[in-house]
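Reader: I'd like to understand how the labels in a structure description are earned. Could you take me through the reasoning, one label at a time?

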Amino acid sequence: MSKLIVVTGATGQQGSGVINALSANPDWRIRGLTRNLNSEKAKVLIERGIEMIAADFDDEGSLTNAFIGANAIFAVTDFYEPFGTGIGPEKAMQVEYDRGVKLARAAAKTLTLETYYWSTLPAAKDLSNGEVEVPHFDAKGAIDAYIKNDPVLNPKTIFLLTGFYASNFKYPPFTPIYSKPAGQYILALPAKSSSHLPSLGSVNNIGITVSGLLQHPYPSTAYGPKGGRYVHVTTGKYQIQDYFSKWAEIAGKGKLQVLSVPFEQFEGLHGMWGTELGLMVKFWEVVGAPRMWGTVGDGDIMVDSRDLEGVRDRLVSAEDVWRQENWDQF
Ligand SMILES: NC(=O)c1ccc[n+]([C@@H]2O[C@H](COP(=O)([O-])OP(=O)(O)OC[C@H]3O[C@@H](n4cnc5c(N)ncnc54)[C@H](OP(=O)(O)O)[C@@H]3O)[C@@H](O)[C@H]2O)c1
């Protein structure tokens, strides 16, 4: 009999990637979660034969109900939606934390649960020794700490550290612009262009990693009592200049120059999104390539998705994502 995976954020980029990676696998039944069963995206999933169920991260009872019978759960919270309403970074962190805790509590109560795949990001403030706090990272880092303190859920959890989506070019802070006088594309970022970026490649790599781990489970023993089992979902780290130059080359845009600008200037260009994403870029610079979240905390263990059986040959690089797109209108 097939097992059940419950996918939160099923209508979003990460969740739909998990669904795509597993929908043809007869060993797994999929139940997707959405707040709105009548949205276009939910309807498409229902038409594909995916069981969809209404649940809200703010309503723990709806999550407990949605998780009934789950052998595996993929959980992801969305920082950007509350942040985008303009409530400010502190409140958006609190909303994301509360939602992550509700998901974790509901998962811990699910007696059939074998594995909880929690999509997270590094605790930037801790890793940078207090130098850079990145709200959408640190809210997830605080949820990690909550899970590690839960003796029921922690041993069942795989913490998926996710890198920078190859599709982020469509967000203005990462959209290069053409400078006629310079005769090339330019991207202003608040860090040295020689600092590094952790690339996720295709956002589908998260789903590919989950499906590989379901087939080849990660050993559940080798980590400390309050430690976590982390998988860094990545196709490699790049110097920022190289990453964007590769995009320009593949997209047929010629040369691209990453300009290192002061943080305040980046904020001036992109408002609150500039602050939020600028802090992330600053974090990459501060922690540096060798420590690109190598160790997350005491007792944690970490593997790279490229070292996992059933995953390494299926990962899709940023370059491959860009090659599949038509950049003529860009
Ligand atoms: N962009 C990057 O490079 C990057 C890299 C790593 C991590 N991340 C993280 O990725 C996260 C976003 O994931 P994504 O890209 O998959 O987002 P997305 O495409 O915007 O989708 C968000 C999903 O979350 C669901 N959702 C939001 N609020 C909900 C609630 N209150 N209750 C139930 N479901 C809710 C939505 O479902 P419905 O609308 O259908 O209810 C939707 O399926 C962010 O937290 C971000 O920090 C981003």
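Reader: What makes the pair formed by a nitrogen atom of the ligand and a polar backbone atom of Phe57 a polar contact?

Author: Happy to explain, and please keep in mind that this model is predicted. The distance from the ligand nitrogen to the polar backbone atom of Phe57 is 2.9 Å. A polar contact is a pair of N or O atoms within 3.5 Å, so this pair qualifies. Gln14 passes too, with a backbone N or O atom 2.8 Å from a ligand oxygen, and for Arg35 a backbone N or O atom also lies 2.8 Å from an oxygen atom of the ligand.

Reader: How do you know how much of the ligand the protein covers?

Author: On its own, the ligand has 940 Å² of accessible area, and the protein covers 87% of that. The space taken by the ligand is the largest pocket.

Reader: Which elements give two or more residues to the shell around the ligand?

Author: They are α1 (13-22), α5 (89-108), α7 (135-148) and β7 (164-165). In total 26 residues surround the ligand, with Thr11, Thr34, Thr77, Tyr165 and Asn168 the closest. Sorted by class, the shell holds 9 nonpolar, 11 polar and 6 charged residues.

Reader: Why is Asn129 called exposed?

Author: Its relative accessibility is 72%. Exposed means over 50%, so Asn129 earns the label. Asn129 sits in the loop between α6 (124-127) and α7.

Reader: What is the phi of Asn129?

Author: Phi is near 50° there, a positive value in a residue other than glycine.

Terms used: Residues numbered from 1 in each chain as written. Predicted model: local features only at pLDDT ≥ 70, side-chain atom pairs only at ≥ 80, totals over all residues. Heavy atoms only, no water. Near = heavy atom within 4 Å. Polar contact = N/O pair within 3.5 Å; in protein donor to acceptor, adjacent residues only side chain to side chain. Areas by Shrake-Rupley, 256 points an atom, 1.4 Å probe, with all protein chains shown as cover. 1 Å grid on protein atoms, 1.4 Å probe; cavity = no way out; pocket = protein on both sides within 12 Å on 5 of 7 lines; lining within 4 Å. Sits in = over half its atoms within 2 Å of the grid points. Helix = DSSP H or I, 4+ residues; strand = E, 2+ residues; numbered from the N terminus. Nonpolar A, V, L, I, M, F, W, Y, C, P; charged D, E, K, R; others polar. Buried < 20%, exposed > 50% of the residue type's maximum accessible area, 1.4 Å probe, protein only.
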